[in-house]
Amino acid sequence: MRTYLEDILRVEYAFTAFLERIHSRNRFLTNEEIADTLAEFEDEKKLRMYACDYLRTSGSIQLDYKRLRIKEKTELCEHYKFTSLGAFLYIELFKGLEMHYIPRKCSYCGRWFLIEAGIYSEYCTRPVKGRDDGKTCRDLGHFKKYSEKIDNDPIWLTYNRAYKQHYARLLKKKMTQAEFQEWADYAIKLRDMVEHKKIGFDEYYKKIRE
Ligand SMILES: [Zn+2]
């Protein structure tokens with residue numbers, strides 16, 4: 001019973017703290033990065049007081065291979081036996097990391113969800129409560145991030161100001177529609193160049209305002 005309770009608490013404490021580190025870069029980590037993250041986590045042992053603060057297995061795991069027949073097909077399957085819940089959760093966590101199936105807390109609603117192999121996201125795909133347009137945390141989260149970027153990033157701020165100035169020239173007929181379109185294409189090219197560090201910010205700032 002004690003082991004069982006510790007296993008449950010370990011998910012709440014050690015697993016959560018470890019996963020926070022795993023997600024700190026907002027992308028899937030390589031095996032090498034996972035190994036380094038684990039080593040850093042292990043190195044902080046001094047700060048921990050209880051068994052449930054440690055990332056470890058509370059039991060043993062036995063693996064053997066079995067033949068499994070599913071309808072007409074025969075498959076070779078890994079067959080695991082665990083002596084505790086903690087042992088099962090421990091291997092699930094690491095197998096998940098390896099296969100890119102990783103639990104994470106949604107940055108929009110704060111609830112846990114499972115990131116599935118292929119698409120890394122910090123937002124879940126649950127519909128947002130109180131909306132009837134079916135928008136999910138992922139839709140709104142990415143939009144919020146994009147708006148924040150546009151509002152705070154000097155590259156985007158400069159781009160938006162220059163765009164408004166040029167648009168005003170078009171309205172005052174100081175520029176033709178064709179000239180404005182040409183400038184708009186050029187401005188996007190400039191913005192891409194500075195974002196990919198092909199030109200410096202000063203050069204970008206000067207050219208986009210011309
Ligand atoms: Zn969510």
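Select G86, A87, I91, L93, G96 and L97, the buried residues of helix α3; buried denotes under 20% relative accessible area, exposed over 50% and partly exposed in between, with a 1.4 Å probe and protein chains only. Helices (H or I, at least four residues) and strands (E, at least two) are DSSP runs, numbered from the N terminus. The model is predicted, with local features requiring pLDDT of at least 70 and side-chain atom pairs counting only at pLDDT 80 or more, while totals for chains, interfaces and linings use all residues. Residues are numbered from 1 along each chain as its sequence is written, and side-chain values use heavy atoms, with hydrogens and water left out.

**Helix α3 and its surroundings**

Extend the selection to the whole of α3, residues 85–99. This helix has 15 residues and reaches 21 Å from its first C-alpha to its last, close to the 21 Å expected at 1.5 Å a residue; the expected span is 1.5 Å times one less than the number of residues. Next, display α1 (2–22), α2 (31–43), β1 (61–70), β2 (73–82) and β3 (102–105), against which the buried residues of α3 pack. Contact here means heavy atoms within 4.5 Å.

Which residues does I61 touch, not counting residues up to four places away in sequence? They are Y80, K81, F82, A87 and I91, and two of these, A87 and I91, are also among the buried residues of α3. I61 itself lies in strand β1 and is partly exposed, with a relative accessible area of 33%. A distance drawn between the C-alpha atoms of I61 and F82 gives 4.7 Å, although these residues are 21 apart along the chain.

**Two loop residues with positive phi**

Move to K71, in the loop between β1 and β2. K71 has a positive phi of about 55° although it is not a glycine, and at 80% relative accessibility it counts as exposed. Then select H100, just after α3, in the loop between α3 and β3. H100 is likewise not a glycine and has a positive phi of about 65°; its relative accessibility of 26% places it in the partly exposed class.

**Across to the second domain**

Colour the chain by its domain assignment: domain 1 is 1–58 + 84–97 and domain 2 is 153–208. These bounds come from an automatic or database domain assignment. The centres of the two domains, taken over C-alpha atoms, are separated by 48 Å.

**Helix α5 and its partners**

Select α5 (residues 154–171) and α7 (residues 201–208), whose axes come within 10 Å and cross at roughly 10°. Axes are lines fitted to C-alpha atoms, for helices over the stretch in contact, and angles run from 0 to 180 degrees between N-to-C directions. The α5 and α7 helices are therefore roughly parallel; angles under 35 degrees count as roughly parallel, over 145 as roughly antiparallel, 65 to 115 as roughly perpendicular and the rest as oblique.

On the α5 side, show P154, I155, T158, Y159, A162 and H166, which meet F201, Y204, Y205 and I208 of α7. Centre on T158, which is buried with a relative accessible area of 6%. Leaving aside neighbours within four places in sequence, T158 is in contact with F201, Y204, Y205 and I208.

Finally, add α6 (residues 177–195), which packs with α5 at an angle of about 175°, the axes being 11 Å apart. This makes α5 roughly antiparallel to α6. Among the residues making the contact are W156, Y163 and L170 of α5 and F180, W183 and I188 of α6.
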